[in-house]
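Colleague: I would like to go through the labels on this model one by one. For each, tell me what earns it.

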Amino acid sequence: MSMRIPAALAPIAAVAAVLAVPAFAHAPVLGTSPKKNATVSTVRTVSVRFGEAVVTGKIGVKRANGSAVAASASGLTNGKKRLRAAFSKKLAAGKYTVSWRVKADDGDTETGTFGFTVR
């Protein structure tokens, strides 16, 4: 059985396909700071930047040995499009892992991790 769309319905099918895409795109990650797997010399803030505002968020940083790094401030900034953690001092040399979790405005929870190295 062939699944051909009559020519008259093709424009409707194309519009429906385009409109369906945003339903799957929650709050896309546009970038991280530091960048994923980067080696950097100075870090006082880590962040995740999203393509749209999120409702809530939590971010944490751990050293290579698994111990948590206490942030002096953390939360959403930049119109709720950036989740960040700031530290009172530069992070010491070593490897770090950042874990984050946000709730998008569609109610879905999104999570992620990225690592970086301070030299």
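Colleague: What makes Phe-114 and Gly-115 contacts of Lys-36?
Modeller: Contact means heavy atoms within 4.5 Å. Lys-36 meets that with Phe-114 and Gly-115, once residues up to four places away in sequence are left out. This is a predicted model, where local features need pLDDT of at least 70 and side-chain atom pairs pLDDT 80 or more, while totals for chains, interfaces and linings use all residues. Numbering starts from 1 along each chain as its sequence is written, and side-chain values use heavy atoms, without hydrogens or water.

Colleague: Where is Lys-36 found, and why is it called exposed?
Modeller: Lys-36 is in the loop between β1 (29-33) and β2 (39-40). Strands are DSSP runs of E, at least two residues long; helices are runs of H or I, at least four; both are numbered from the N terminus. The relative accessible area of Lys-36 is 57%. Exposed means over 50%, buried under 20%, partly exposed in between, with a 1.4 Å probe and protein chains only. So Lys-36 is exposed. Its C-alpha is also 9.6 Å from that of Thr-97, 61 residues away in sequence.

Colleague: What else stands out in that loop between β1 and β2?
Modeller: Pro-34 is there, and the peptide bond leading to it from Ser-33 is cis, with omega near -5°. Asn-37 is in the loop too. Its phi is near 65°, a positive value in a residue other than glycine. At 60% relative accessibility, Asn-37 is therefore exposed.

Colleague: Which residue in the loop between β6 (73-77) and β7 has a positive phi?
Modeller: Asn-78. Its phi is near 55°. Asn-78 has a relative accessible area of 51%, so it counts as exposed.

Colleague: How do you know that Phe-50 and Trp-100 form an edge-to-face pair?
Modeller: Rings of Phe, Tyr and Trp (its six-membered ring) pair if their centres lie within 6.5 Å; planes under 30 degrees apart are stacked, over 60 edge-to-face, the rest tilted. By this rule there are two aromatic pairs. In one of them, the centres of Phe-50 and Trp-100 are 5.4 Å apart and the planes stand at 75°, so the pair is edge-to-face. It links strand β3 to strand β8, across 50 residues.

Colleague: And why is the pair of Tyr-96 and Phe-116 called stacked?
Modeller: The centres are 5.4 Å apart and the planes differ by 15°. Tyr-96 is in strand β8 and Phe-116 in strand β9, so the pair ties together parts 20 residues apart in sequence.

Colleague: Are the rings of these pairs buried or exposed?
Modeller: Phe-50 has a relative accessible area of 2%, so it is buried. Trp-100, at 9%, is buried as well. Tyr-96 is buried at 6%. Phe-116 is buried at 2%.

Colleague: What makes the nonpolar core a core?
Modeller: The term covers buried Ala, Val, Leu, Ile, Met, Phe, Trp, Tyr and Cys residues joined through side-chain atoms within 4.5 Å. The largest such set has 23 residues. Those with the most contacts inside it are Val-46, Phe-50, Ile-59, Leu-91, Trp-100 and Phe-116. Two or more residues come from each of β3 (45-50), β4 (54-63), β7 (82-86), β8 (94-104) and β9 (109-118). β8 gives the most, with five. In soluble globular proteins, nonpolar side chains tend to be buried together.

Colleague: Why is Ser-47 called buried, and what does its side chain contact?
Modeller: Ser-47 is in strand β3. Its relative accessibility is 4%, so it counts as buried. Its side chain makes a polar contact with the side chain of Arg-82 at 3.2 Å. The term needs N or O atoms within 3.5 Å, one able to donate a hydrogen and the other to accept it within protein; residues adjacent in sequence count only if both atoms are side-chain atoms.

Colleague: How do you know that β3 pairs with β1 and β7?
Modeller: Two strands pair if DSSP finds at least two bridges between them. β1 and β3 have four, in the antiparallel sense. β3 and β7 have five and also run antiparallel. Thr-32 stands opposite Val-48 in β3. Arg-49 has Arg-82 in β7 as its bridge partner.
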